[in-house]
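Student: Please take one part of this model and go through it closely. I would like the helix packing treated first, then single residues set against it.

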Amino acid sequence: MLEDLSRLADRSRPTVLGLTRIVVSLLFACHGAATLFNVLGGPHGKAPSVGEWPGWWAALIQLVGGALVLVGIATRPAALLCSGSMAYAYFSVHQENALWPIQNGGEPSAMFCWVFLLIAAVGPGSFALGSLLRRQPERQEQAARPAVA
């Protein structure tokens, strides 16, 4: 029974990772869109002016980085940038208010930081557009090669 569960977990790992990547990055991109375009309930707090450090740049990273991770293009570098931006947010905004994330309101920053770091480390999983685009030239090369009998 444990062996069957282990095989099921191994087979479903890319799918679960891909779905996690999609959900987390969609939520992340929504934060950026809310801040930049005053949609989805608007920004939390005062909306930053265009180019204002760090709020406007953080929102831009959230929107663009989140979108790249969502569709699975340049997933690892985009996820690393998203992770770093959330680490910066945690330590520069939340940490000064209290030690623990539950006390300082930094749970979303901490969670996004660690999930994006995981995605950067292990890759996009299933349903990544970048993986499909990389496989396309391989298929064309295979179709062009003569079959060896």
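Tutor: What follows goes from the whole chain to two helix pairs and then to three residues.

This is a predicted model, in which local features need pLDDT of at least 70, side-chain atom pairs count only at pLDDT 80 or more, and totals for chains, interfaces and linings use all residues. Residues are numbered from 1 along each chain as its sequence is written, and side-chain values use heavy atoms, with hydrogens and water left out.

The protein chain has 6 helices and 0 strands, and its elements run α-α-α-α-α-α from the N terminus on. Helices here are DSSP runs of H or I with at least four residues, strands are runs of E with at least two, and both are numbered from the N terminus. The radius of gyration of the protein chain is 19 Å, well over the 15 Å that the globule rule gives for 149 residues, so the chain is more spread out than a compact globule. That radius is taken over C-alpha atoms, and the rule is 2.2 Å times the number of residues to the power 0.38. Along its principal axes the C-alpha trace spans about 70 × 45 × 25 Å. Of the 149 residues, 32% count as buried, where buried means under 20% relative accessible area, exposed over 50%, and partly exposed in between (1.4 Å probe, protein chains only).

Now the pair H3 and H5. Their axes are 8 Å apart and the helices pack at an angle of about 155°. That makes H3 roughly antiparallel to H5. Axes are lines fitted to C-alpha atoms, for helices over the stretch in contact, and angles run from 0 to 180 degrees between N-to-C directions; under 35 degrees counts as roughly parallel, over 145 as roughly antiparallel, 65 to 115 as roughly perpendicular and the rest as oblique. The crossing of H3 and H5 is left-handed, meaning that the near helix is turned anticlockwise from the far one by less than a right angle. Residues of H3 in the contact include Ala79, Ser83, Met86 and Tyr90, and those of H5 include Cys113, Phe116 and Leu117. By class, the contact of H3 with H5 has 15 nonpolar, 4 polar and 1 charged residues. Ala, Val, Leu, Ile, Met, Phe, Trp, Tyr, Cys and Pro count as nonpolar, Asp, Glu, Lys and Arg as charged, and the others, Gly among them, as polar.

Ser83 lies in H3 and, at 5% relative accessibility, counts as buried. Leaving aside neighbours within four places in sequence, Ser83 is in contact (heavy atoms within 4.5 Å) with Cys113, Phe116 and Leu117. Ser92 is also placed in H3, which covers residues 75-94, but Ser92 is partly exposed, with a relative accessible area of 27%.

The second pair is H1 (residues 2-37) and H2 (residues 55-71), which pack at an angle of about 150° with axes 7 Å apart. H1 is thus roughly antiparallel to H2, and their crossing is left-handed. This contact has 16 nonpolar, 6 polar and 1 charged residues.

Pro124 sits in the loop between H5 (107-122) and H6 (129-144). At 15% relative accessibility, Pro124 counts as buried. Not counting residues up to four places away in sequence, Pro124 touches Leu17, Gly18, Arg21, Thr75 and Ser131. Among these, Arg21 of H1 is also part of the contact with H2, and Thr75 of H3 is part of the contact with H5.
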